[in-house]
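Hi,

Here is the structure I promised to pass on. Have a look first, and my notes follow underneath.

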Amino acid sequence: MSTQNITITDVIPRDIRFPTSRDLSGSDAMNPDPDYSMVYVTLKTDDPNLCGYGMTFTIGRGNELCTAAVHSLKHFVLGKKLSDFTTDMRGFWRMITGDGQLRWVGPEKGVIHLATASIVNAVWDLYARVEGKPLWKLLADMSPDQLVSCIDFRYMTDFLTPDEAREILTKKSATRQEREARLLKTGYPAYVTSVGWLGYSDDKVRELSKEALAQGWTWFKMKVGANVQDDIRRAKIIREVIGWDNKLMMDANQVWDVPQAIDWMRQLASLKPWWIEEPTSPDDVLGHAAIAKAIAPIKVATGEQCQNRIIFKQFLQAKGLQILQADGCRLGGVNEALAVILMAAKAGIPVCPHTGGVGLSEFQRHFSFFDYIAVSGDIDSHALEYVSHLHEHFLDPVVMQKGHYMPSQKPGCSIEMYPKSVTEYEFPNGPQWKK
């Protein structure tokens, strides 16, 4: 099918929230009672059988702000042909992030950038559907020149130039098919976060760890940061279950300042954490670098709230992270995620995308598959986060086999939800919010 004659006729954002605070799923030291939420965007077209679906992720209050921001941005795509964008993806992204007035409430960060991602991701979803490919395959089939043409390199060229990005992609071009075949056969390694939410009891942590181990998981993550003795006790429980050959990661969700992070992690070091995630403010590049230097060989991971490619560039320049956890909803969508993946490849840093939220596992897996096939070529030091809840609301949910994500084969970005779920969980009038 050609994109030439498809016109976007409407942009519909919906405020969708799931009451996960009721059972403390998703709870951590900084966010004790999250309601996993999303701005769910539908792009209608003049083809009644073809829509694009996009999302951005929040944890409840404030989701209405992102929903409203979509209305401020939708004029950029209304009435446009899809081909207006697909023939110049860099120009499309620069247009939607570069408005002379809207940039004042960013630029390229915060509520306006989250809303931007939902529209950008919906355009890519529509593009992939038209091409009849899942997003990962659409990207993996692009030539190095095509991929480079999707990226706005402004503010990046002191670290990564278009020629360097093209060279990285070209080096892996000849062997892409081999990695795609392996991916289709064995899947992509994942780590499980669902065993260690901070609000769970010791008994629940123990039982969930046992279940995950029996299911074939080898990488486990727990939340830390409220009380160091509690963290030590809970980490010992997990280690008793999973042993010492499997990986254990920890996540503080930004709750510490720099000296506290160093002290806390030295107390937890005997439990052999492979990384500490978000040990301090997500904007503190030099603080992360100081922590990384002080607690080595424990790695520092961050990025789920890193707001744009420029801050990621600085993290890489300052050696403030050893694991990069980009989020294609916190960033301005697919185009900017590609930029960050390529910068990480230049730095030799594994990309382990953030998926701890509704819809993120479905969406973010596409970036990991693409990264392995076309960019890093590395599957051993990379892993994709997995949480076990809310997948049933999506038409193309994740499929796991022995702790591995199996590649989606359906066209698009895997964001489309069942209409019943949209109706049930729309805030504030959906039936689930009337209980």
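A quick word on names before anything else: helices are DSSP runs of H or I with at least four residues, numbered from the N terminus. Please also keep in mind that this is a predicted model.

With that naming, T97 belongs to helix α3. Is T97 buried or exposed? Its relative accessible area is 7%, so T97 is buried, the cut-off being under 20%. Beyond the residues up to four places away in sequence, T97 touches R103, E108, H113 and T116. For T116, the C-alpha distance to T97 is 7.2 Å, with the two positions 19 residues apart in sequence.

Further along from there comes a cis peptide bond, which joins G106 and P107 with omega at about -15°. P107 sits in the loop that runs between α3 (89–97) and α4 (110–131).

H113 turns up again in the surroundings of R330. Setting aside residues up to four places away in sequence, R330 touches H113, L114, E304, Q305, C306 and Q307. R330 itself is in the loop between β9 (323–324) and α14. R330 has 23% relative accessibility and counts as partly exposed. There is a long-range partner to look at here too: R330 and S118 are 212 residues apart along the chain, yet their C-alpha atoms are separated by 9.6 Å.

Now for a helix pair. How do α7 and α14 pack? Helix α7 (residues 162–173) and helix α14 (residues 334–347) meet at an angle of about 75°, and their axes are 10 Å apart. That angle falls within 65 to 115 degrees, so α7 and α14 are roughly perpendicular to each other. The contact is made by E164, A165, I168 and L169 on the α7 side and by L342, A345 and K346 on the α14 side. Sorted by class, that contact has five nonpolar residues, two charged ones and no polar ones.

K346 has another role in the picture: its charged end sits over the ring of F159, at 5.1 Å from the ring centre. A bit earlier in the chain, Y155 is in the loop between α6 (144–148) and α7. Y155 has a positive phi of about 75°, although it is not a glycine. At 38% relative accessibility, Y155 is partly exposed.

K402 is a similar case to check on screen: again not a glycine, again with a positive phi, this time about 50°. K402 lies in the loop between β11 (400–401) and β12 (404–405). Its relative accessible area is 68%, and K402 is therefore exposed, as that is over 50%.

On to the aromatics. The count comes to 15 aromatic pairs. What kind of pair do F427 and W433 make? Their ring centres are 5.2 Å apart and their planes stand at 85°, so the pair is edge-to-face. F427 is partly exposed, with a relative accessible area of 29%. The ring of W433 also has a charge over it: the charged end of R22 sits 5.7 Å from the ring centre. Elsewhere, Y191, W219, W274 and W275 are linked into a cluster by ring pairs.

F427 comes up once more for its backbone. The peptide bond from F427 to P428 is cis, with omega near 5°. P428 is found in the segment after α16 (419–425).

One last spot is D202, which is in helix α9 (residues 202–214). D202 has 23% relative accessibility, so D202 counts as partly exposed. Which residues is D202 in contact with, leaving aside its neighbours within four places in sequence? They are R233, R234 and I237. D202 and R233 are 31 residues apart in sequence, with their C-alpha atoms 8.7 Å apart in space.

That's what I have for now. Shout if anything is unclear.

Cheers

Notes
Residues numbered from 1 in each chain as written. Predicted model: local features only at pLDDT ≥ 70, side-chain atom pairs only at ≥ 80, totals over all residues. Heavy atoms only, no water. Phe/Tyr/Trp six-rings, centres within 6.5 Å; stacked < 30°, edge-to-face > 60°. Buried < 20%, exposed > 50% of the residue type's maximum accessible area, 1.4 Å probe, protein only. Lys NZ or Arg CZ within 6 Å of the ring centre and 35° of its normal. Axes fitted to C-alpha atoms, helices over the stretch in contact; angles between N-to-C directions. Helix = DSSP H or I, 4+ residues; strand = E, 2+ residues; numbered from the N terminus. Parallel < 35°, antiparallel > 145°, perpendicular 65-115°, else oblique. Contact = heavy atoms within 4.5 Å. Nonpolar A, V, L, I, M, F, W, Y, C, P; charged D, E, K, R; others polar.
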